[in-house]
Amino acid sequence: MARLIVVSNRIPAPRQRGVRSGGLEVGLRDAVRQRGGIWFGWSGATAAETSLSAQISDSREAVYATIDLSAEDYRKYYVGFANSTLWPLFHYRLGLMEFQREELAAYMAVNEAFARALAPLLLPDDLIWIHDYHLIPCGAALRRLGVLNRIGFFLHVPCPPSAVFGALPCAATLLRSLSAYDVVGVQTPVDLRGLLDCLEHIVGARFVGEDLIRVDGKLMCAIAVPMGIDTAGFAAQSQRALHAQETRRLKDSLANRDLIIGVERLDYSKGLPNRFKAYARLLKRFPEHCGKVTFLQVAARSRVDVEQYRALRRELDRLAGRVNGDHAEFDWMPLRYITRDVPRAVLAGFYRCARVGLVTPLRDGMNLVAKEYVAAQDGENPGVLILSHFAGAAQRMTGAVQVNPLDPDEIAEAMHLALSMPQSERQARWHSMMETLRVDTAQAWSRNFLQALSGESQLRDEMLLNVAARDRIVDEPPAVELARMP
Ligand code: GDG
């Protein structure tokens, strides 16, 4: 079996491996372990210069290869182009998008540095799987270094259509660089439509088969594969966590009140201000819940170097103070708001105690919290998931109470419905979602993507051969327009 080389901006930090492991780590770590290979990425550290070669560390889980970034590259590539330009763009937030040519140049240069440090570690039949918006041009950089391996790319965030993506000044450059990949994966059919629309209308790509696209004379395959969690593993973890000290402390502190829980990185895509406003509406419009419910929001600080994230923190601090100031009693605090990271095992127990899981992003590629919340429930007496229409997860989790996250009143009504929902309806909704979650696991996600990438999908192989034979595709490196950039 070919080795698997995973490339992602960040690799799990040694002390966090297995402790804060989300779906990405679960799906990929299992795949790397089964096939053997390397997980390559930024160490998370800054140094005087961006590394020219990787540092290798071997653990029981996998071989990790990392590079450091210079402080300037960190600022321009990571804080700048990746998180101040691409993140808002991919989340349809053009008003928040900033663009600076020197940050784009740093982004391209760091992608080149990733490729240069990775190339010497590769064997000829390795499968290379590159992840997310930080590393879109990394495949093209590898091709320029003569790498002929099969290379796949997965976009974890949403993919907007050309009318939005086209606002990016270098949209065509980035889209063209995708032609270096054999397979490009996105989370949902809606994202796939967005991607195909961008390729067709911004770079004039042509479709030569159901999911085969020709970009600049090169063929690539685009597929939608939903990211998932280790459903059975997380269900078992949450059951074990019921007896953990933290879960017992939480339950005692609730004094039989119903718990509503929200968990996410503190990010403006997650719709937190509207959620706090919605909770205030619930308490105002449905006062029967006052004193009978507690909302626990875990919002782990994230990207604190980006100003928009600091502004969001200030806004949430203010709103949280307001909700409690307006509604608290001397013996009841309606909202508990934590901006520290909570260990995964503890979260598993908290989800299980919660009568309502509140997941209301304004836009989200998939959203694994929605899946974790459902997997953590007791099937006999499950809680209710309230889920934004605009999370990728909503497309298949139809048992959730779905809401428009822009309307705090609609979220408040959904909370009221969830808190009053009879057990039989909760069970029916939970069963329908668990059926999906048992299929859409993290393991199935990596297996399905790697099947497409390794050409194990016979149908796709035949199509590729036919089209290649007909068109006599010349395998030349993609034209990346970096030279024309400042
Ligand atoms: C991106 C896309 C896509 C959160 N707070 C804590 C904590 N978490 C864990 C959750 C979950 C993970 O982080 C978050 O995953 P999401 O999918 O919800 O969101 P993003 O981080 O934005 O991920 C997203 C995903 O990539 C995968 O493709 O679904 O759309 O934006 O596992 O539990 N974990 C711990 N403490 C916390 O405080 N331990």
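Which backbone nitrogen does the side chain of S51 reach, and at what distance? The exercises below lead to this and to other points of the structure.

The structure is a predicted model, in which local features need pLDDT of at least 70, side-chain atom pairs count only at pLDDT 80 or more, and totals for chains, interfaces and linings use all residues. Residues are numbered from 1 along each chain as its sequence is written, and side-chain values use heavy atoms, with hydrogens and water left out.

**Exercise 1. Locate S51, state whether it is buried or exposed, and identify its backbone partner.**

Solution.
Step 1. S51 belongs to the loop between β2 (37-47) and β3 (55-58). Helices (H or I, at least four residues) and strands (E, at least two) are DSSP runs, numbered from the N terminus.
Step 2. The relative accessible area of S51 is 17%, so S51 is buried. The term buried means under 20% relative accessible area, exposed means over 50%, and partly exposed lies in between (1.4 Å probe, protein chains only).
Step 3. The side chain of S51 reaches the backbone nitrogen of D68 at 2.7 Å.

**Exercise 2. Describe the aromatic pairs that F154 forms with W445 and F449.**

Solution.
Step 1. Rings of Phe, Tyr and Trp (its six-membered ring) pair if their centres lie within 6.5 Å; planes under 30 degrees apart count as stacked, over 60 as edge-to-face and the rest as tilted. This rule gives a count of 21 aromatic pairs.
Step 2. One of the pairs joins F154 and W445, with 5.2 Å centre to centre and 85 degrees between the planes, and is edge-to-face. The pair links distant parts of the chain, since F154 is in strand β6 (residues 151-154) and W445 is in helix α16 (residues 442-453), 291 residues apart. Both residues, F154 and W445, are buried.
Step 3. F154 also forms an edge-to-face pair with F449, at 6.2 Å centre to centre and 85 degrees between the planes. Because F154 lies in strand β6 and F449 in helix α16, this pair ties together parts that are 295 residues apart in sequence. F154 and F449 are buried.

**Exercise 3. Name the members of one aromatic cluster and find the charges placed over W42 and Y92.**

Solution.
Step 1. One aromatic cluster is formed by Y77, F81, F99 and Y107.
Step 2. A charge sits over a ring if NZ of Lys or CZ of Arg is within 6 Å of the ring centre and within 35 degrees of the ring normal.
Step 3. R10 lies over the face of W42, 5.0 Å from the ring centre. R363 lies over the face of Y92, 3.8 Å from the ring centre.

**Exercise 4. Describe the surroundings of the ligand, from its shell of residues to its contacts.**

Solution.
Step 1. There are 25 residues around the ligand, and H156, D341, V342, D364 and E372 come nearest. A residue is near a molecule or strand if one of its heavy atoms lies within 4 Å of it.
Step 2. By class, the shell holds twelve nonpolar, five polar and eight charged residues. Here Ala, Val, Leu, Ile, Met, Phe, Trp, Tyr, Cys and Pro count as nonpolar, Asp, Glu, Lys and Arg as charged, and the others, Gly among them, as polar.
Step 3. A polar side-chain atom of Q187 lies 3.0 Å from an oxygen atom of the ligand. An N or O atom in the side chain of R265 is 2.9 Å from an oxygen atom of the ligand. For D341, an N or O atom of the side chain is 2.7 Å from a nitrogen atom of the ligand.
Step 4. Taken alone, the ligand exposes 730 Å², and the protein buries 91% of that. Accessible areas come from the Shrake-Rupley method with a 1.4 Å probe.
Step 5. The elements that give two or more residues to the shell are β11 (258-265), β12 (293-300), α12 (344-353) and α13 (368-375).

**Exercise 5. Compare the settings of N256 and N367.**

Solution.
Step 1. Phi of N256 is near 70 degrees, a positive value in a residue other than glycine. N367, also not a glycine, has a positive phi of about 95 degrees.
Step 2. N256 is found in the loop between α9 (245-254) and β11, and N367 in the loop between β14 (356-359) and α13.
Step 3. The relative accessibility of N256 is 80%, so N256 counts as exposed. At 6% relative accessibility, N367 counts as buried.

Key:
Polar contact = N/O pair within 3.5 Å; in protein donor to acceptor, adjacent residues only side chain to side chain.
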